[in-house]
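Reader: Could you please walk me through a protein structure?

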Amino acid sequence: MPIDPSAAVAPTARVHPDARIGPRAVIGEYAVVESEVVIGAECRLEPYVYVKRWTTLGDRNLISACTVLGTDPLDKRFTGERSYLRIGNDNVIREHFTISRGTQPESTTLIGDGNYVMTSGHIAHNCIIGNQTVICSCALVAGHVEIEDQAFVSGGVAIHQYSRIGRLAMIGGSTRVNLDAPPFFLYMGVHIAPRGLNLVGLKRAGFSTAEIASLKKAYRLLYRSGLKLTEAVERIQAEAPGEHTAHLVRFIESSRRGIARPGHKSGPHGS
């Protein structure tokens, strides 16, 4: 049955017969749900939400008023083929936010679980957003961006296409992100630059004193030692081994845009 009997659909809402609405979902006044959409159990769509074709929501998502999900990509190369937006469970997406589906045929924009997305911003085509991130008001996330778990993106941040933000990284307000931001650290400035560890985030995530000390040493080697990047990575592996520093090293070694680093002007293995 496309609409579960326990779901509540407002009389002014428009739900396509081909859409599937899960148990105890609530579809608010004047909301629009197009064909080939799946809305999971206990989701709540506030008034004027528009969920476009080929969008899937997991369970217990709250979508606030005037948000549009599954928009056509803001990409001149897009020619209308089927692509997807897939959103996990337990996300909050607040008012006046837009999220696009993929550009290439059969490609996907992915949003994980437990994310808190604030007002009046945009997540573009083919992005991959992890779990338990915070994306604050008026943030603009361009196409093919990857944001790892528990990252914090402050208000007014603009993220250039193909950039990556690592786990538990924090991006300060109005920062321009056009390089990869390695995990666990704080970044600020019109031109993104490291400013230390994301200590508040690390402590809230339950990192031990020893784990934080190891990341502090890695930060000093990476950003304060004057070493070339390859040398800094080698020193981190030798002098600060551990699960989290190993993740940091993998992130750096897989960077294609290059990481945010003082004076950085070159590729991922530059100075």
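Author: The following exchange covers the overall fold and the cysteines. This is a predicted model, in which local features need pLDDT of at least 70, side-chain atom pairs count only at pLDDT 80 or more, and totals for chains, interfaces and linings use all residues. Residues are numbered from 1 along each chain as its sequence is written, and side-chain values use heavy atoms, with hydrogens and water left out.

Reader: How many helices and strands does the protein have?

Author: The protein has four helices and 28 strands; these are DSSP runs numbered from the N terminus, with helices being H or I of at least four residues and strands E of at least two.

Reader: What is its radius of gyration?

Author: The radius of gyration, taken over C-alpha atoms, is 20 Å, close to the 18 Å from the globule rule for 271 residues, so the protein is as compact as a globular protein of that length. That rule is 2.2 Å times the number of residues to the power 0.38.

Reader: And how many disulfides are there?

Author: The structure has zero disulfides, a disulfide being a pair of cysteine sulfur atoms within 2.5 Å. For C127, the nearest cysteine sulfur is that of C136, 16 Å away.

Reader: Why is C136 not bonded to C138?

Author: The closest cysteine sulfur to that of C136 lies in C138, at 10 Å, which is too far for a bond.

Reader: Is C127 buried or exposed?

Author: C127 is buried, with a relative accessible area of 0%. Buried means under 20% relative accessible area, exposed over 50%, and partly exposed in between (1.4 Å probe, protein chains only). C136 is also buried, at 9%.
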